[in-house]
Amino acid sequence: MEVLDGSPKHAISRYVEWLITIVVLVNCSAVILDSIPEVHADYKDFFHELEFWSVMFFTLEYVLRVWSLGVKFAANEGGAWKGRKGYIFSPFGLIDFFATMPFYMHVFFPTLDLRILRVLRLLRILKLSKYNTALQDLFTAVNSERRAFGSAAFLLVIATIVSASLMHFAEGHEQPQHFGSIPHSIYWAIVTITAGYGNVEPVTKAGEIIALLTGFLGVCMAAIMTGIVASAFSNQMSRKKAAYQSQLRQVLSDGVVTDAERESLRRLQQQFRLSDAQVQAMIDEHNAEQAS
Amino acid sequence: MNEATAQSLGPLGRIQRRVFEVLDGAVMDRTSKIVEIFIASLVVANVVAIILESVQSLHDQYEQFFHVFDTFSVIVFSIEYVLRVWSYGRKYLGTEPGLAWKGRKEYLFSMFGLVDFFSTVPFYLQLFMPGADLRVLRMFRLLRIFKLSRYNSAMDDMFEAIKSERDSFSSALFLLLISCLLFSSLIYIIEGHDQPEVFPSIPAAMHWFVLTIISGWGNVDPVTYFGVALVVATQILAIALAAILTGVVATAYTAQVQRRESLYEMEVREVLADGVVSEEEKQKLKTLQAKFGMSDEQVEAIARQVETEKKPRD
């Protein structure tokens, strides 16, 4: 379980991680190359073999994961099935399942649409995100600002509907092919907000003003979204720094730094991805405080 | 509402105050939550109806239904409006004369009060003056979507953040205004002779400027060298402006989050000061966390920091 979960860094665990990553990358390149008709015609058998063996590989991985995660929690903490259920219904568990399972469905129901199966095969690339901690950082940062994102999305929806409706009232009679109904002009509003000035030239003065305002709103929306992300990241960074600093202070408070403490600090630094320079600055700051 | 004030109001006043509490929703209980959800869903249904009604085929097929639905919503919103005006008289508890109208006036002239009024009342106009332009009425109906923003507390956060940085925002807007005047006059002077059909006047040149700012290219190719330089400068300005706006928003949000974290930290410190965390204090911290929309992780980090800071002193 420890090898697959990768929590304590063993050498074997790292090899397994590398192996899975390489198989996933090979698989995804195969899916992409397979979509070129000439390549598909020439190497059809090879792709088929590759697909079969990688499905076997991923199935083995999945079964091992489900089996081994049974010991994640001790018996008194909920027993074997708590860890298993936690994995099976986690995003990674679902990805592992749906990236592999369609192959078997194809075996049992040969009439199924092949295109859907191919798309599901591409899900395998998401398996890589398990090994990318920066991506997880991104999700936590966005998650901590989800209210701000929610309000930005709300504003976007309101802006789209209002500008689309106003445009419909202003130009619906003049250009019924573009603004004949509100759903139709919602498409125009989205294009204008996301890409700038839209695909349709307004012909009335009122329409012109609405179009310019909508375009300007698009610029503002982009600024708001970017601003929220930037602020989420910078807040997350300062939180991490504060957490590391308090840990550091605790270690330095008794004047002695044991090996175990040094090891835990190093691990924390790696987890928070702080640079050595940042850590050194914190130590200096602490020393200066001590001296004064 | 506590017992003492309840006694002083009398039965009608008590109902009035209760209606106020339910509609205002500052203190959430079951009833006010149900009322909130009901009004919010009705508003959403209304907006969907307005959108669908604009499709000609649907309009012809379900005209009767749309009409009945609209009448029903107008009745509900009218009742809501009347109840709000009536009950907001008890917003301030006290006996001085004029206090009842203070609460009412505040509501009537608040943004929400005006939205409530203008999204409902024009329909009575139609009853009296059947000849009124329908398109204008439909535009007023669209105002109902803004009723939703009352229930989105995150929107208040956003406006608060923007308001605290209003100096930076207004300087960015000022920059935009100045450059709009300057660049459009310049392009009119330089290219007005060569392309009189696209730059016939300064307002037309302003239109070109705004287009360039929002979409990067204003549909016009310059024909003189000065014109080319001006267009390039305008495009660079557009990028700079987007960067400035983004930076200001980012700063505003960061400042807001930090302000809240330090407020929360102060509260935690106060709670931990006497060494005992009572049920009441725990509840208070929970409410504050919910109000600030902080994640459990953030709260934990703050609590841990306060605790480690306390240790050396002990």
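This is a short chat about cavities, a helix and salt bridges in a predicted model.

Me: Hi! Anything I should know before I look?
Reply: The model is predicted, so local features need pLDDT of at least 70 and side-chain atom pairs count only at pLDDT 80 or more, while totals for chains, interfaces and linings use all residues. Residues are numbered from 1 along each chain as its sequence is written, chains are lettered from A and ligands numbered from 1 in the order in which they are written, and side-chain values use heavy atoms, with hydrogens and water left out.

Me: Cool. How many cavities of 30 Å³ or more are there?
Reply: There are four. A cavity here is a set of points on a 1 Å grid over the protein atoms alone where a 1.4 Å probe fits but cannot get out. Points are joined across faces, edges and corners, and the volume is the space filled by probe spheres set on them.

Me: What volume does the largest cavity have?
Reply: About 180 Å³.

Me: Which residues lie nearest its centre?
Reply: Glu145(A), Val257(B), Arg260(B), Phe292(B) and Gly293(B), out of 15 lining residues (those with an atom within 4 Å of a point). α12(B) gives the most to this lining, with five residues. Helices are DSSP runs (H or I, at least four residues), numbered from the N terminus.

Me: New topic: how far does α4 of chain A reach?
Reply: Helix α4(A), residues 44–68, has 25 residues and reaches 36 Å from its first C-alpha to its last, close to the 36 Å expected. The expected span is 1.5 Å times one less than the number of residues.

Me: Which of its residues are buried?
Reply: Among them are Phe47(A), Phe58(A), Tyr62(A) and Arg65(A). Buried means under 20% relative accessible area (1.4 Å probe, protein chains only).

Me: What does Arg65(A) form a salt bridge with?
Reply: With Asp96(A), the closest N and O atoms being 3.9 Å apart. Asp96(A) sits in helix α6 of chain A, 31 residues from Arg65(A), and both partners are buried. A salt bridge needs a side-chain nitrogen of Lys or Arg within 4 Å of a carboxyl oxygen of Asp or Glu.

Me: How many salt bridges are there over all chains?
Reply: The search finds ten. Another one joins the side chains of Glu80(B) and Lys147(B), at 3.2 Å from N to O. Glu80(B) is in helix α4 of chain B and Lys147(B) in the loop between α8 and α9, so the pair ties together parts that are 67 residues apart in sequence.

Me: Which residues do shared partners join into one network?
Reply: Glu53(B), Asp70(B), Arg141(B) and Arg144(B).

How values were computed:
On a 1 Å grid over the protein atoms alone, a cavity is a set of points where a 1.4 Å probe fits but cannot get out, and a pocket is an open set with protein on both sides within 12 Å along at least five of seven lines; lining residues have an atom within 4 Å of a point. Helices (H or I, at least four residues) and strands (E, at least two) are DSSP runs, numbered from the N terminus. Buried means under 20% relative accessible area, exposed over 50%, partly exposed in between (1.4 Å probe, protein chains only).
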